[in-house]
Amino acid sequence: MYKLNAITLAILLAGAMPVMAQQSATDSKESPQPTTAENEKAIEVISVTATKRRTKLMETPVAITALSEAQLRQSGVNNIRDIADLVPGLDISTATDQAAPVISMRGVRSTNITELGDPAVGVHLDGIYSPRMQGALALMYDVERVEALRGPQGTLFGRNSTVGSINVISAKPDLSGFSGNLNAEAGRFNSKNVGGFLNIPINDEFAIRVAAKGLKRDSYLEGYWDPNQYDTRHLSQEVLNAPVISEDSYQGIGSTVTQRENWWIDAAGTDPEAQRVRALTPANKKDFYNNANEHSFRISALWQPAHGLFTNHTVFQQYVNNSAGSLDLVNCDQLRGRPQEYGGDCSSFLPSDNTYQAVVNVPGELNLDITYLRNTLNYNLSEELSLVWQLGYENMDRSSQQDSEVGLDPWDGAIYFLKGTGATSYSTEVQLQSDEFGDFVWISGINYFYEKTTTLGYYDNPMDDKAFWDQPDRSTKAYALFGQGTYKLTDKLHGTLGYRYSNETKQDKGGRTYRCSNADGCAPGWFNRTVLSNLPVDYFYDPAIYASYFANDNKGQWQNHDFRLGLDYNLSQDTMLYSYLASGFKAGGIGDVFEVVNDRTGEVSRFETQFDPEKVLTLELGAKSSFLNNSLNLQAALFYTDYKDMQYASVGSIGNVERLSPVEDANGSPILGPDGMPILEFQNKPVIAYYTQNVPGSTIKGLELEFDWKPYANGRFSGYATWTQARVSEDWITKWDFDPEYLFNLSYEESMDPENNLLTTNLKGNDLAMTPRLAANISYTHSLDLGSYGFIHGWFNWSWKGKSYTTIWNLDKHLDDMNFAVSDEAALYISDKRGAYSMLNAALKYEPQNQAWYAEVFVSNATNELVQYWNNTGKGIPKGSFGMPRYYGVRAGFNF
């Protein structure tokens, strides 16, 4: 009943806005003109480019949030990930293995952030599409504003804007005069953040702007090096010669699994000294996982001839990240108090009961080098017609290495992406636009996009299998024709019609997946840890040493027709009502191809993992109103989305094949023969792949309320409140893949078997991930005028998000319909439900009357809230990515 009442109240509020606005308009006509003090309370007019032309925010019939440079700096925003709490319906996670953000908006997101996947929320830089999500983490600085559009943007913005788009608009050169800024930040974790810009007008028609930013920060993790893990090639002699704490394993000595109960360590090599159990060595926070070491610079030029026929804006930008990357952490808060019979809490397998810790044997490494080149030409063909030509180029080089099992399992593992991994894309768009003054305002255009990705890397199980990916040419070619126009039906009523034709082709040419294992003689063999330790760390970088491979050549093509039908009505001078019905489209994918050899028969089985496009159809009703002499802006949007064939990516089994594998005992440890080596036999093993499947159908509905209010000249409130319901609405019969080993007490092979009927489930009725039912955000700013002594500005922000799920599995909803082998109590310790949480941020800034400089103290996440953004639970241990703990510091800046 509470939920129904809350929804009803919200809808009534949205419906009441036009009436309130009409009354406000009537009152303003009858009341005297506002005084000077009242004018000071008026909110500045904000312009946006949501319709690919400059319009006023409160007159644009789209749900959109615009964030200025001042707001971003005040909130400590460094990249797109940091704006998640500032935009209604937005949630941004991080997939650590790909070093990429996963953007969710209004319940829609894409979990495939590899070169095979595309985002559901398009990211644009100066209006030009940026395809690789790693690029979205590039430092955000010297921007004019950030625009977050919600709802399908298919007709104007095209591919992969299924549920919205985010456009980061950099500050343009200014012809009016020389100016600059230098700003710095010092904070907790030895953080140093320096940035600034120079604006240099060359003459009255040409100016350049140079901006840059650098960020360094130590890790906020409690890190340890572990010499007891199988692969020791990356570890220093100091770590390898750490104090001996036990002569052999299974003595209960130590704090980790690899110290206390490591089944292989006593027979893992020929050097007895290397088989002793040793202490962990604390890591240097400067170069450990979750540190920061990144910088970027941007050079832009604006040419605006006096004759006024055209303007040309060119941007060159480079971003470099040379950090240790990030990795999944254990949610110790969730496990706290779990009895030993269910697996214990973090103190049972980690040095301390602290989420922010990691035990590894592979140092983290992330190298990102992204070059951007963007150009926008605006040419006035006549007084009524203009041409816009956009060109975009983006080149990303990437390499990384990451510890996979983070000391939680004696089976060691790591993932490597080597130099040569990257992506290059080109895009161009030509638009014809009418002027803004006729009864029919329109835009039409053609868009072409090409991207080529290369992947070179491998997953390493040091004791056995390695899978090497050599994908030299995975490409996407896409072109589109589009048009959208708005016609003035009456003085107050406007109708909008938009259409886009999309054609997209994806192809893999020459792709290979190589296999190396003990069985084929490529890997050193079982228990040959000493042999492995003498190999160079780059030994397995060369695919030539691998025993076999299979081809991945594949191709797919998709076409689509998107549309937009809209009506907007000016109820009064200060109030607009709007509605639209619009579609969105994200192309299907070619997936990986697997050719698997049966070790016993030699037969080859081929598995393809193609997936279908996903589509949305959204109906939205909205209102935008200004009240109290333009001192209060309110925006409301009520929407309903029909979501078909959602692309859901995960690691799972796509089939079975016979492999020559070790026989294991009830504890999962290999059984050794008289010679001390594992006993091998042919066994039915799963074919594991990272693949995408389509969720048949989901429905999403919600209400968003945004406000911006200046109750007095020196004070301002802003924020939002949202209600969203996003659920799987059609039968989705699939295999249960949320930690089946632990929940069903199965072997790894049984848990991955796609034909295991015990794991068959129907996820109809499940909530979509990272979509809280209720959320709210409020900011308050107050400025104190000290006269000749300057100003003091206080800022406070509170953000709250209700309960949600971090995955689509919704474990607690299936305690009765799934035959879990563990108790409900045990299952809830690893539940994918994320509790409600709030974040508090605050700042206090001083600046003199001339505003030539400022000094500020700030705190982010003041209450030290632990927030999980990504879930990767396995073997009864909930893992994922988490936001930063409490962060505080000082900022200062100089304007000239």
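**Overall fold, cores and salt bridges**

The protein chain holds 11 helices and 46 strands in this predicted model. Its radius of gyration is 29 Å, close to the 29 Å that the globule rule gives for 896 residues, so the chain is as compact as a globular protein of that length. Laid along its principal axes, the C-alpha trace of the protein chain spans about 100 × 60 × 60 Å. Take the contacts between residues at least 6 apart in sequence: 73% of them join residues at least 24 apart. As for the outside, the accessible surface adds up to about 35,800 Å², with 55% of that belonging to carbon and sulfur atoms.

Turning to the inside, buried residues account for 57% of the 896 residues in the protein chain. In soluble globular proteins, nonpolar side chains tend to be buried together. Here the largest nonpolar core has 69 residues, and the members touching the most others are Ile83, Ile103, Ile166, Trp736, Leu743 and Ile808. Ile808 gives a feel for the packing: leaving aside neighbours within four places in sequence, Ile808 is in contact with Met646, Tyr648, Val695, Val728, Trp732, Leu763, Asn766, Asp767, Leu768 and Ala769. Apart from this core lies another, made of 33 residues, including Phe189, Leu221, Phe288 and Ala843.

Some nonpolar side chains end up on the outside instead. Phe178, Leu182, Val194, Leu198, Val210, Ile299, Phe316, Leu373, Trp853, Phe894 and Phe896 make a nonpolar surface patch of about 970 Å². One of these, Trp853, lies in strand β44, which covers residues 853-860. With a relative accessible area of 34%, Trp853 is partly exposed; patch members need over 30%, so Trp853 makes the cut.

Now for the charged side chains. Side chains of opposite charge can pair when their charged atoms come close, and the count for this model comes to 37 salt bridges. One of them joins Asp353 to Arg336, with the closest N and O atoms 2.7 Å apart. Asp353 and Arg336 both sit in the loop between α7 (332-335) and β20 (357-360), 17 residues apart. Asp353 counts as partly exposed at 30% relative accessibility, and Arg336 is also partly exposed, at 40%.

A second pair reaches much further along the sequence. Lys875 forms a salt bridge with Asp409, and their closest N and O atoms are 2.5 Å apart. The partners are 466 residues apart: Lys875 is in the loop between β44 and β45 (879-880), while Asp409 is in the loop between β22 (385-403) and β23 (414-434). The two ends differ in cover, since Lys875 is partly exposed at 44% relative accessibility, whereas Asp409 counts as buried at 14%.

A third pair, Asp508 and Arg474, meets in a salt bridge at 2.6 Å, N to O. Asp508 lies in strand β26 (residues 493-508) and Arg474 in strand β25 (residues 466-488), so this bridge ties together parts that are 34 residues apart in sequence. Both partners are under cover: Asp508 is buried, with a relative accessible area of 2%, and Arg474 is buried as well, at 5%.

Finally, salt bridges can also join up into something bigger than a pair, as with Arg106, Arg150, Glu620, Glu704 and Glu706, which are linked in a network.

Terms used. Residues numbered from 1 in each chain as written. Predicted model: local features only at pLDDT ≥ 70, side-chain atom pairs only at ≥ 80, totals over all residues. Heavy atoms only, no water. Patch = residues over 30% accessible without salt bridge, like charges linked within 9 Å, V, L, I, M, F, W, Y side chains within 5 Å. Areas by Shrake-Rupley, 256 points an atom, 1.4 Å probe, with all protein chains shown as cover. Salt bridge = Lys/Arg side-chain N within 4 Å of Asp/Glu carboxyl O. Helix = DSSP H or I, 4+ residues; strand = E, 2+ residues; numbered from the N terminus. Buried < 20%, exposed > 50% of the residue type's maximum accessible area, 1.4 Å probe, protein only. Core = buried A, V, L, I, M, F, W, Y, C linked by side-chain atoms within 4.5 Å. Contact = heavy atoms within 4.5 Å. Rg over C-alpha atoms; globule rule 2.2 N^0.38 Å.
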